[in-house]
Amino acid sequence: MKFSVGNSLKLAFRPWVEGLENIPAEGPAILASNHLSFSDSFFLPAVLDRKVTFIAKAEYFTSPGVKGKLTAAFFKGVGQLPVDRSGGRGAGEAAIKSGIEVLERGELFGIYPEGTRSPDGRLYRGKPGGLARVTLATGAPVIPVAMIDTEKVQPPGKIVPKMIRPGIRIGKPLDFSRYHGMEGDRFILRSVTDEVMYEIMKLSGQEYVDIYATAAKRQLAEAAKKQAEAEKAARKSGPGAR
């Protein structure tokens with residue numbers, strides 16, 4: 001299914017790609033990408049000859065009915081790995097363990113250091129837990145990846161994609177073997193993550209914001225709520241109000 005889905009995406013959207021030579025022909029590697037759209041996990045594997053495994057919400061694999069079974073089959077076919085992310089820290093540990101297992105098999109593991117999709121197209125601070133711990137535990141190189149314009153193909157909340165040509169830039173592998181065995185040091189984890197995010201920023205050309213994307217989403221939601229309340233109050237106190 002990976003090849004049929006990938007070929008369909010390439011034919012329909014014709015994504016351009018730079019830096020394919022930076023993907024090793026064999027052996028483990030971590031692909032660390034910015035995250036603009038739900039479709040990122042499909043466009044990146046579509047342009048690679050090798051299978052790449054991403055973490056996906058377990059709900060995609062357990063939904064009931066015919067639709068649920070078809071969805072589960074699709075996600076398995078394109079290399080998505082189910083992880084229950086509802087358990088807080090335990091969920092993070094499960095994702096790390098899954099990533100290590102993928103790399104120990106000599107495969108490619110895809111991860112989004114921001115932890116969630118960007119709410120506004122900017123690049124946000126990387127979370128230090130998953131990416132850094134996986135690379136330090138396995139010794140696998142980290143390959144920075146920049147997805148370009150995928151948020152325009154399928155904006156959040158939109159089901160039908162727009163026929164816009166997205167792009168992918170793949171950077172040179174980063175070697176963090178000098179920190180091997182130091183995955184318990186939070187300063188090292190932060191340093192590794194920041195170095196990767198800097199390379200992603202250079203590849204993507206995005207504006208960098210030094211807060212987590214989850215915090216930015218909360219701020220945007222709160223601002224939208226206040227705006228709605230202000231508009232409601234204005235309508236009540238405006239001309240014709242009783």
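**Figure 1. Confidence across the predicted model.** The chain averages a pLDDT of 85, and 82% of the residues score at least 70. This is a predicted model. Within the chain, confidence is highest in β7, at 98, and lowest in helix α3 (residues 59-62), at a mean of 61. Where pLDDT is low, the predicted coordinates should not be read in detail.

**Figure 2. The whole chain, with nine helices and nine strands.** The chain has 242 residues, and 43% of them are buried. Its accessible surface comes to about 13,100 Å². Carbon and sulfur atoms account for 55% of that surface. Among contacts in the chain with a separation of 6 or more, 78% are between residues 24 or more positions apart.

**Figure 3. The largest nonpolar core, with 26 residues.** The residues with the most contacts inside this core are I30, V142, F176 and V196. Two or more residues of the core come from each of β2 (29-33), α5 (89-104), β5 (108-111), α6 (130-138) and α8 (186-204). The element that gives the most is α8, with six residues. A second, separate core has 21 residues, including L9, F43, V47 and I168.

**Figure 4. F176 and the residues it touches.** F176 is one of the residues with the most contacts inside the largest nonpolar core. Leaving out residues up to four places away in sequence, F176 touches T135, L136, V142, V192, E195 and V196. Two of these names recur in the list for α6, where L131, A132, V134, T135 and L136 are buried. An α-helix has 3.6 residues a turn, so residues three or four places apart point the same way. After α6 comes G139, which has a positive phi, near 80 degrees.

**Figure 5. Strand β2 and its partners β5 and β7.** β2 is mostly covered, with five of its five residues buried. A29, L31 and S33 point one way from this strand, while I30 and A32 point the other way. β2 and β5 run parallel and are joined by four bridges. In this pairing, A29 has L108 of β5 as its bridge partner, and I30 stands opposite F109. β2 also pairs with strand β7 (residues 142-148), again in the parallel sense and over four bridges. There the bridge partner of I30 is V142. I30 and V142 are both named among the residues with the most contacts inside the largest nonpolar core.

**Figure 6. The two faces of β5.** Both faces of this strand are covered. L108 and G110 lie on one side, F109 and I111 lie on the other, and all four are buried. β5 is also among the elements that give two or more residues to the largest nonpolar core.

**Figure 7. S118 in the loop between β5 and β6 (123-124).** The relative accessible area of S118 is 6%, so S118 is counted as buried, the cut-off being under 20%. Its side chain reaches two backbone nitrogens: that of G121 at 3.0 Å, and that of D120 at 3.4 Å. Setting aside neighbours within four places in sequence, S118 is in contact with H35, L36 and Y124.

**Figure 8. G27 in the loop between β1 (16-18) and β2.** G27 has a relative accessible area of 23% and is therefore partly exposed, a class that lies between the 20% limit for buried and the 50% limit for exposed. Apart from neighbours within four places in sequence, its contacts are R50, G106, E107 and L108. L108 is also the bridge partner of A29 in β5. G27 and E104 are 77 residues apart in sequence, and their C-alpha atoms are 9.1 Å apart in space.

**Figure 9. Two loop residues with a positive phi, R14 and D149.** Most residues other than glycine have a negative phi. R14 lies in the loop between α1 (2-13) and β1, and its phi is near 50 degrees. D149 lies in the loop between β7 and α7 (150-153). Its phi is about 70 degrees, although D149 is not a glycine. D149 is partly exposed, with a relative accessible area of 26%.

Note on methods
Residues are numbered from 1 along each chain as its sequence is written. Side-chain values use heavy atoms; hydrogens and water are left out. Buried means under 20% relative accessible area, exposed over 50%, partly exposed in between (1.4 Å probe, protein chains only). Contact means heavy atoms within 4.5 Å. Accessible areas come from the Shrake-Rupley method with a 1.4 Å probe; for residues, only the protein chains shown count as cover. A nonpolar core is a set of buried Ala, Val, Leu, Ile, Met, Phe, Trp, Tyr and Cys residues joined through side-chain atoms within 4.5 Å. Two strands pair if DSSP finds at least two bridges between them. A polar contact is a pair of N or O atoms within 3.5 Å; within protein, one must be able to donate a hydrogen and the other to accept it, and residues adjacent in sequence count only if both atoms are side-chain atoms. pLDDT is the predictor's confidence in each residue, from 0 to 100.
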